[in-house]
Amino acid sequence: MFSRKGSNTNSYSQLNLDEYSDDSSNAGDDDDFVNTSLKRQQDLLRKQDEGLDMLSASVLRLGEMSMGISEELGQQNKMLEAMETDLDDAAENLDLVTRSTQEFIKQA
């Protein structure tokens with residue numbers, strides 16, 4: 001590479017490329033950087049795995065709870081249907097008694 005020495009002259013000199021070279025003296029620094037980056041990535045993956053494990057456990061608990069709620073609602077629904085049937089029967093019996101009472105009052 002060449003650089004210009006003066007602004008008004010046409011002479012050029014060669015640049016010293018040694019200061020820009022990637023020699024093996026920085027290999028230890030590169031290894032440290034790579035090792036540090038790998039450790040950081042492994043730590044992040046471990047934390048993500050822990051978070052996913054906790055999330056998975058929460059989802060399983062929610063699934064179990066929802067199944068329990070579903071069963072409870074099914075039982076309560078059956079009880080409500082039985083109560084509705086009993087109320088319909090009671091309403092019919094009350095109508096019968098009311099009509100009978102009205103006929104008895106008319107006859108008296």
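In the predicted model, E50 is partly exposed, with a relative accessible area of 41%, and the side chain of this residue takes part in a salt bridge with R46, in which the closest N and O atoms are 3.2 Å apart. R46 and E50 both belong to helix 1, where 4 residues, or about one turn of the helix, separate them. R46 is itself partly exposed, at 41% relative accessibility; because the range for this class runs between 20% and 50% relative accessible area, R46 at 41% is placed neither with the buried nor with the exposed residues.

R46 also engages D43 through a salt bridge with an N to O distance of 3.8 Å. These two residues, again both in helix 1, are 3 residues apart, which likewise corresponds to about one turn of the helix. D43 has a relative accessibility of 26% and therefore counts as partly exposed. The side chain of D43 additionally meets that of K39 in a salt bridge of 3.3 Å, N to O, and K39 and D43 lie 4 residues apart in helix 1, about one turn of the helix. K39 is partly exposed as well, its relative accessible area being 49%, a value that falls in this class because exposed residues are those over 50%. The structure holds 3 salt bridges, and K39, D43, R46 and E50 are linked by salt bridges into a network.

Charged residues also form a surface feature elsewhere in the chain, where E81, E84, D86, D88, D89, E92 and D95 make up a negative patch. One of these residues, D88, lies in helix 1, which spans residues 27-107. D88 has a relative accessibility of 44% and so counts as partly exposed; this value is compatible with membership of the patch, because patches are made of residues with over 30% relative accessible area and no salt bridge.

A surface patch of nonpolar character is formed by F33, V34 and L38, which together contribute about 300 Å² of accessible area. Within this patch, F33 is located in helix 1 and, at 58% relative accessibility, is classed as exposed, since the cut-off for that class is over 50%.

With regard to the chain as a whole, the protein comprises 1 helix and 2 strands, and the elements follow the order β-β-α from the N terminus on. Of the 108 residues of the protein chain, 1% count as buried, a class that is reserved for residues under 20% relative accessible area. The accessible surface of the protein chain amounts to about 10200 Å², of which 56% is supplied by carbon and sulfur atoms.

Methods: Residues numbered from 1 in each chain as written. Predicted model: local features only at pLDDT ≥ 70, side-chain atom pairs only at ≥ 80, totals over all residues. Heavy atoms only, no water. Patch = residues over 30% accessible without salt bridge, like charges linked within 9 Å, V, L, I, M, F, W, Y side chains within 5 Å. Areas by Shrake-Rupley, 256 points an atom, 1.4 Å probe, with all protein chains shown as cover. Salt bridge = Lys/Arg side-chain N within 4 Å of Asp/Glu carboxyl O. Lys, Arg positive; Asp, Glu negative; His and termini not counted. Charge placed at Lys NZ, Arg CZ, Asp CG, Glu CD. Buried < 20%, exposed > 50% of the residue type's maximum accessible area, 1.4 Å probe, protein only.
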